[in-house]
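Reader: I have a chain in front of me and would like to learn how to read it. Can we go through it step by step?

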Amino acid sequence: MIEAMLINAAVAAVLLLLGWLIAVRISDVSFIDAIWGGGMAVLAIASWLQLGAPGDRATLIAGMAALWGLRLFWYLYTRWRGHGEDVRYARMLGKAKEQGRFAQAALTKVFGPQAFLLYLTCLPAQLGVLASADPAPLGPLALAGAALWLLGMVFEVVGDAQLTAFRANPANKGKVLDTGLWRYTRHPNYFGDTCVWWGIWLAAADAGPWIALASLPGPLFLTFTLTKWSGKPLLEYGLKKNRPGYAEYIERTSGFIPWPPKKG
């Protein structure tokens with residue numbers, strides 16, 4: 001398993017290095033968000049391919065991670081192609097670009113850290129697959145993980161579709177989406193992400209307690225970054241400044257976990 005994990009580390013490094021070379025060529029790193037999802041799909045598939053005889057649990061875990069990652073890759077890639085450079089990255093690297101240090105800054109501030117964090121977050125898929133060579137039937141934890149994964153996918157896919165439709169309507173410019181799943185939680189996509197990876201972790205934990213413990217940093221980090229770091233806090237900070245009425249929307253809706261909205 002150690003050899004397989006080292007191969008996966010090399011795969012992640014090469015993938016992010018290629019992304020960095022493209023970013024330097026086009027002077028834009030914004031597509032890194034698409035690589036985040038696609039990269040995890042690649043690592044899950046790479047793990048599955050390294051098993052001589054994958055068991056049912058390996059196929060389930062790899063399939064869940066791959067479906068989630070490829071869908072997210074395509075959604076974020078098409079969004080980047082349609083909207084151009086992300087203001088977050090433009091702000092982060094703007095000074096370095098003016099000073100001719102864009103390539104160095106893109107590697108040290110974006111692609112280098114993302115390679116490590118992608119590998120870390122994907123630990124449940126990698127370890128869960130690699131510990132599930134045939135025979136590896138689907139136990140109760142794997143089935144529970146699949147159910148939680150499905151819930152997360154529904155929130156992500158439906159939430160993203162509702163947001164895309166909302167933004168496509170010119171009449172909604174400057175408005176806040178507060179219908180559909182967005183009525184119950186301000187971040188159905190983030191909630192979905194969290195459910196997906198805790199579901200994959202549960203399925204991986206079906207392989208044994210040491211796999212559960214070794215892969216735990218993945219969903220813990222993902223939950224932290226979405227709720228406390230670069231997800232919800234950063235997004236809401238920008239929306240409060242640029243969207244009239246967003247502060248009031250926060251007051252009458254739930255944050256991360258779906259729950260009936262506040263009255264009044």
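Reader: Which residues form one aromatic cluster?

Author: Keep in mind that this is a predicted model. A pair of aromatic rings is described by the distance of the centres and the angle of the planes. In this chain the aromatic cluster consists of Phe-31, Phe-73, Trp-74, Tyr-77, Trp-80 and Phe-111.

Reader: How many aromatic pairs does the count come to?

Author: Two rings pair if their centres lie within 6.5 Å. By this rule the count is eight aromatic pairs.

Reader: Are the rings of Phe-31 and Trp-80 stacked, edge-to-face or tilted, and why?

Author: Their centres are 5.4 Å apart, and their planes meet at 55 degrees. Stacked needs under 30 degrees, and edge-to-face needs over 60. The angle of 55 degrees fits neither, so the pair is tilted.

Reader: Where do Phe-31 and Trp-80 lie, and how many residues apart are they?

Author: Phe-31 is in the loop between α1 (2–26) and α2 (32–49). Trp-80 is in helix α3, residues 56–83. The pair links distant parts of the chain, at a separation of 49 residues.

Reader: Are Phe-31 and Trp-80 buried or exposed?

Author: Buried means under 20% relative accessible area, and exposed means over 50%. Phe-31 and Trp-80 are both buried.

Reader: What kind of pair do Trp-68 and Trp-197 make, and why?

Author: The ring centres of Trp-68 and Trp-197 are 5.4 Å apart. Their planes are at 90 degrees, so the pair is edge-to-face.

Reader: Which helices hold Trp-68 and Trp-197?

Author: The two residues are 129 residues apart, so look in distant parts of the chain. Trp-68 is in helix α3, and Trp-197 is in helix α8 (residues 188–205).

Reader: Why does Trp-197 count as buried?

Author: The cut-off for buried is under 20% relative accessible area. Trp-68, its partner in the pair, has 0% and is buried. Trp-197 is also buried, because its relative accessibility is 1%.

Reader: Which residues are the closest to the centre of the second largest pocket?

Author: This pocket has a volume of about 190 Å³. There are 13 residues in its lining. The closest to its centre are Gly-19, Ile-22, Phe-31, Ile-35 and Phe-73.

Reader: Which element gives the largest share of that lining?

Author: The elements that give two or more residues are α1, α2 and α3. The largest share is five residues, and it comes from α1.

Reader: How many charged residues are in the lining of the second largest pocket?

Author: Sort the lining by class. It has 10 nonpolar and three polar residues. The number of charged residues is zero.

Conventions: Residues numbered from 1 in each chain as written. Predicted model: local features only at pLDDT ≥ 70, side-chain atom pairs only at ≥ 80, totals over all residues. Heavy atoms only, no water. Phe/Tyr/Trp six-rings, centres within 6.5 Å; stacked < 30°, edge-to-face > 60°. Helix = DSSP H or I, 4+ residues; strand = E, 2+ residues; numbered from the N terminus. Buried < 20%, exposed > 50% of the residue type's maximum accessible area, 1.4 Å probe, protein only. 1 Å grid on protein atoms, 1.4 Å probe; cavity = no way out; pocket = protein on both sides within 12 Å on 5 of 7 lines; lining within 4 Å. Points joined across faces, edges and corners; volume = space filled by probe spheres on them. Nonpolar A, V, L, I, M, F, W, Y, C, P; charged D, E, K, R; others polar.
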